[in-house]
Amino acid sequence: SMVKEFADIKTEDMLDLPTPNVEYHVESVPASPEQKAMVDGLADRAMKIRNKQVDTKLPENNMLSVTNEGRKLALDQRLMNPDLPDYPDSKVNRCVANVLRIWEETKERKGTQLVFSDFSTPDSKKFNVYDDIKAKLIAKGVPAEEIAFIHDANTDAQKEALFKDMRTGRKKVLIGSTDKCGTGVNVQTHLVAMHHVDCPWKPSNIEQREGRGIRQGNENAEVAVYRYVTKGTFDAYSYQTLENKQKFI
């Protein structure tokens, strides 16, 4: 009440700003045999933790550790064991296929795309989803110079140069995390699609991710949003938790 004495607050719904229509897609993919086996193992660990059958002082014996491992496993089995094969039906490979298709369909009109993943950020010393996606896109014909990681821009000047390249269509695919590719990232001009490879913890993170394209200044009448889910893994739990938080808020 005190704030409203001097502030006129308008929500997005009240303003009704001219923003693109959104077409949502849920891409559900099967879990690999290895993923199913590891999910069963995580379920056993969770049950023992809940029943206090293990030493909960050990870092691996807490629910947060189990949940984080489950989220990594749902993203790509190689995050749990880099020696495992690249599962052809994984959601990373489904994402690559969609990004490639959209790139081919929209490159004449400078269509750009965002790929969001909070887990498995670039790391030259071990397997990570960022480099995997980039390598596969390049192998399929996307020029390397048209793909960027938000993590490559470490200064304000570098970020602004990267954002300008996205706005002008020089860069076509930007891969980033919610923290680095959320607030203040103005790349909407030619944005045609956004891809959630993993599920963030907070509803505000989804808002920040999708707010990169569902905003004024996007020259496209429609923008597609893809959410990737691996069946029988922690993805269902993560999205259910997110929905419960949204309802509460």
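Here is a short chat between a visitor and a guide about a predicted model.

Visitor: Before we start, what kind of model is this, and which pLDDT do side-chain atom pairs need to count?

Guide: Residues are numbered from 1 along each chain as its sequence is written, and side-chain values use heavy atoms, with hydrogens and water left out. The model is predicted, totals for chains, interfaces and linings use all residues, local features need pLDDT of at least 70, and side-chain atom pairs count only at pLDDT 80 or more.

Visitor: How many aromatic pairs are there?

Guide: Rings of Phe, Tyr and Trp (its six-membered ring) pair if their centres lie within 6.5 Å; planes under 30 degrees apart are stacked, over 60 edge-to-face, and the rest tilted. By that rule, the count of aromatic pairs is three.

Visitor: Take Tyr 130 and Phe 149: how many residues apart are they?

Guide: Their rings meet edge-to-face, with 5.5 Å from centre to centre and 80 degrees between the planes. Helices (H or I, at least four residues) and strands (E, at least two) are DSSP runs, numbered from the N terminus. Tyr 130 belongs to helix H5 (residues 129-139) and Phe 149 to strand S3 (residues 147-149), so the pair links distant parts of the chain, 19 residues apart.

Visitor: Is Tyr 130 buried or exposed?

Guide: Buried means under 20% relative accessible area, exposed over 50%, and partly exposed in between (1.4 Å probe, protein chains only). Its partner Phe 149 has 4% relative accessibility and counts as buried. Tyr 130 has a relative accessible area of 0%, so the word for Tyr 130 is buried.

Visitor: Which charged residue sits over the ring of Phe 149?

Guide: A charge sits over a ring if NZ of Lys or CZ of Arg is within 6 Å of the ring centre and within 35 degrees of the ring normal. For Phe 149, a charged end lies 5.3 Å from the ring centre, and that end belongs to Lys 134.

Visitor: Which elements do the buried residues of H5 pack against?

Guide: In H5, the buried residues are Val 129, Tyr 130, Asp 132, Ile 133, Lys 136 and Leu 137. Contact here means heavy atoms within 4.5 Å. These buried residues pack against H3, helix H4 (91-106), strand S2 (112-116), S3 and S4.

Visitor: At the start of H5, what reaches to the backbone nitrogen of Tyr 130?

Guide: A polar contact is a pair of N or O atoms within 3.5 Å; within protein, one must be able to donate a hydrogen and the other to accept it, and residues adjacent in sequence count only if both atoms are side-chain atoms. Here the distance is within 3.3 Å, and what reaches over is a side-chain oxygen of Asn 128.

Visitor: With which side chain does the side chain of Glu 146 make a polar contact?

Guide: Glu 146 is in the loop between H5 and S3. With a relative accessible area of 15%, Glu 146 is buried. Its side chain makes a polar contact at 2.9 Å, and the partner is the side chain of Trp 103.

Visitor: How are H2 and H3 oriented to each other?

Guide: Axes are lines fitted to C-alpha atoms, for helices over the stretch in contact, and angles run from 0 to 180 degrees between N-to-C directions. Under 35 degrees counts as roughly parallel, over 145 as roughly antiparallel, 65 to 115 as roughly perpendicular, and the rest as oblique. Helix H2 (residues 33-50) and helix H3 (residues 63-75) pack at about 170 degrees, with axes 10 Å apart. H2 and H3 are therefore roughly antiparallel.

Visitor: And how is H3 oriented to H8?

Guide: The axes of H3 and H8 come within 8 Å and cross at roughly 115 degrees. That makes H3, relative to H8, roughly perpendicular. Contact residues include Gly 70 and Arg 71 of H3 with Phe 234 and Tyr 237 of H8, and the charged end of Arg 71 also sits over the ring of Trp 201. So the orientation asked for is roughly perpendicular.

Visitor: Is Tyr 237 buried or partly exposed?

Guide: Phe 234 and Tyr 237 both lie in helix H8 (residues 234-248), three residues apart, about one turn of the helix. Phe 234, at 17% relative accessibility, is buried. Tyr 237 has 43% relative accessibility, so Tyr 237 counts as partly exposed.
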